[in-house]
Amino acid sequence: MNGRVIVIGLGLIGGSLALCIKKEHNEATIVGFDINKEQSRLAKMLGVIDEIAETIEDSAIDANLIIIAAPVNETKEILQMLAKLPLHPDVIITDTGSTKRKIVESTASLKDRGITFIGGHPMAGSHKSGVSAAKEILFENAFYLLTPDNQIEEAKVERLKCWLLGTKAKFLTITPENHDYLTGIVSHFPHIIAASIVRQTEKLSASESLIPRLAAGGFRDITRIASSSPEMWKDILLHNREILIGLLNQWQEEMNGVKGLLENEDSPAILNYFNQAKQFRDGLPMKEKGAIPAFYDLYVDIPDYPGVISEITGYLAKEDISITNIRILETREDINGVLVISFQTEEDRYKAERCIETYSNFQTSIGS
Ligand SMILES: NC(=O)c1ccc[n+]([C@@H]2O[C@H](COP(=O)([O-])OP(=O)(O)OC[C@H]3O[C@@H](n4cnc5c(N)ncnc54)[C@H](O)[C@@H]3O)[C@@H](O)[C@H]2O)c1
Ligand SMILES: O=C(O)C(=O)C[C@]1(C(=O)O)C=C[C@@H](O)C=C1
């Protein structure tokens with residue numbers, strides 16, 4: 001498709017969407033705006049956008065598609081500001097916010113003017129922020145939730161899906177209320193739990209300095225998302241507070257139940273507790289982004305001798321397998337080191353696992 005697309009908020013999500021749109025619609029012009037000028041400059045330098053917009057006002061006027069990929073509170077403010085501008089009558093405005101009810105409510109003035117707003121939420125992401133973490137394949141196979149008002153013409157929804165074709169996501173239409181209930185359960189609430197586990201651990205570490213050094217695989221897996229942007233999550237929680245308060249009440253009951261099982265030393269019930277959790281977890285769809293890691297990490301246990309990292313990267317280079325990131329887990333320095341290598345795709349990670357197995361005796365695992 002041809003036209004002008006403006007992306008407001010050039011972080012992980014805005015940057016990734018810009019890349020997807022450019023890939024699918026090469027002839028379109030992608031204009032980017034971010035309140036942080038450094039992000040705009042970086043986005044242009046990385047080829048994520050074609051042009052930098054100096055203000056939203058100037059660039060939105062002739063846009064065919066406006067994507068707001070800013071934090072949820074800012075998204076509301078931007079929508080209210082757009083409602084005052086002389087926009088192209090055929091423009092489609094969408095957002096990427098993790099909550100929908102309050103955002104959709106703030107579009108009343110746009111709606112009164114007959115301007116199309118279709119709430120959007122790509123259900124894939126990461127704990128990383130900023131345009132430097134943006135990638136074209138971020139949304140592949142993920143659900144992309146859309147919350148069009150029932151007055152929006154189907155053709156407009158189809159046009160938006162066409163713009164977003166390069167995401168290779170699976171579109172699903174739901175109401176804003178249902179959206180906030182479902183994402184409250186599978187996304188917002190787990191972020192609270194992850195942060196609470198980390199905070200409890202931090203408090204207990206004050207009297208036990210070994211704790212941070214022992215926190216290894218399991219702790220890291222369940223708390224990865226506690227490294228997400230605190231600013232972003234503060235607003236998400238406040239947008240969805242009623243649902244989250246309900247879930248916290250249920251969780252407290254659940255925890256009281258577990259406490260009861262322990263107090264009563266109810267061995268069969270404890271076994272059953274873990275069995276049921278395992279069955280549900282193991283049955284989650286693995287091909288969908290929601291259930292697999294956002295970055296395809298491979299963990300390699302490495303002995304401590306000079307040159308071991310270049311040895312492993314050498315094996316991967318030999319088989320032409322590209323890596324996107326490499327780091328050492330410091331917490332396990334005192335036993336062997338653990339090298340974490342990230343790949344763009346699950347297939348690359350699989351090839352790397354086979355490659356390292358073929359050329360060495362290093363133990364690998366995918367850590368999930
Ligand atoms: N991170 C995720 O996993 C994820 C996944 C799906 C949806 N989302 C949602 O997408 C949105 C963006 O998240 P992200 O992860 O890309 O965050 P991010 O922090 O990587 O990027 C947000 C960008 O918005 C910019 N910004 C803030 N206020 C602005 C304003 N008033 N005008 C213009 N730019 C502004 C910031 O400078 C930043 O560059 C959020 O609403 C978030 O809830 C996040
Ligand atoms: O993978 C992660 O780090 C995420 O937290 C991604 C995640 C999620 O909770 O699944 C976070 C917020 C979004 O709105 C959608 C996706």
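Start with ligand 1 and select the shell around it: at least three of its residues come from domain 1 (4–174), and at least three from domain 2 (179–282). Those domain bounds come from an automatic or database domain assignment. Before clicking further, note that this is a predicted model, where local features need pLDDT of at least 70, side-chain atom pairs count only at pLDDT 80 or more, and totals for chains, interfaces and linings use all residues. Residues are numbered from 1 along each chain as its sequence is written, while chains are lettered from A and ligands numbered from 1 in the order in which they are written.

**Stop 1: around the ligand**

Which residues come nearest to ligand 1? Show Gly9, Gly11, Ile13, Ser98 and Gly125, picked out of 31 residues around the ligand (a residue is near if its C-beta atom, placed from the backbone, lies within 6 Å). Now colour the shell by class: you should get 14 nonpolar, 15 polar and 2 charged residues. Here Ala, Val, Leu, Ile, Met, Phe, Trp, Tyr, Cys and Pro count as nonpolar, Asp, Glu, Lys and Arg as charged, and the others, Gly among them, as polar.

Next, switch to cartoon. Helix H1 (12–24), helix H4 (72–82), strand S6 (116–122) and helix H11 (230–239) each give the shell at least two residues, and H4 has the largest share with 4. Helices (H or I, at least four residues) and strands (E, at least two) are DSSP runs, numbered from the N terminus.

**Stop 2: the eight-stranded sheet**

Select S1 to S8 and trace the open sheet in the order S3-S2-S1-S4-S5-S6-S7-S8, where the pairing is mixed (two strands pair if DSSP finds at least two bridges between them). Strand S3 (51–52) and strand S8 (170–173) have a single partner strand each, so one side of each has no neighbour in the sheet. Zoom in on S4 (residues 65–68) and S5 (residues 92–95): they run parallel, joined by 4 bridges. One pair to label is isoleucine 68 with its bridge partner in S5, aspartate 95.

**Stop 3: over to domain 3**

The chain is also assigned a domain 3 (295–365). Its centre is 36 Å from that of domain 1, taken over C-alpha atoms.

Pick out the open sheet S10-S11-S9-S12, which is antiparallel. At its edges, S10 (325–329) and S12 (364–365) each pair on one side only. S9 (residues 296–302) and S11 (residues 337–343) are linked by 7 bridges; label tyrosine 296 and its partner in S11, phenylalanine 343, then aspartate 301 opposite valine 338. S9 joins S12 through 2 bridges, with tyrosine 299 partnered by serine 365.

**Stop 4: two helices**

Finally, show H14 (residues 308–318) and H15 (residues 346–359). Their axes come within 10 Å and cross at roughly 115°; axes are lines fitted to C-alpha atoms, for helices over the stretch in contact, and angles run from 0 to 180 degrees between N-to-C directions. What meets what between H14 and H15? Ile312, Tyr315 and Leu316 of H14 meet Ala352, Cys355, Ile356 and Tyr359 of H15 (contact takes C-beta atoms, placed from the backbone, within 7 Å). By class, that contact has 7 nonpolar, no polar and no charged residues. Rotate a little and you'll find H15 lying across S9, S11 and S12, at about 15° to S9.

Key:
Two residues are in contact if their C-beta atoms, placed from the backbone, lie within 7 Å.
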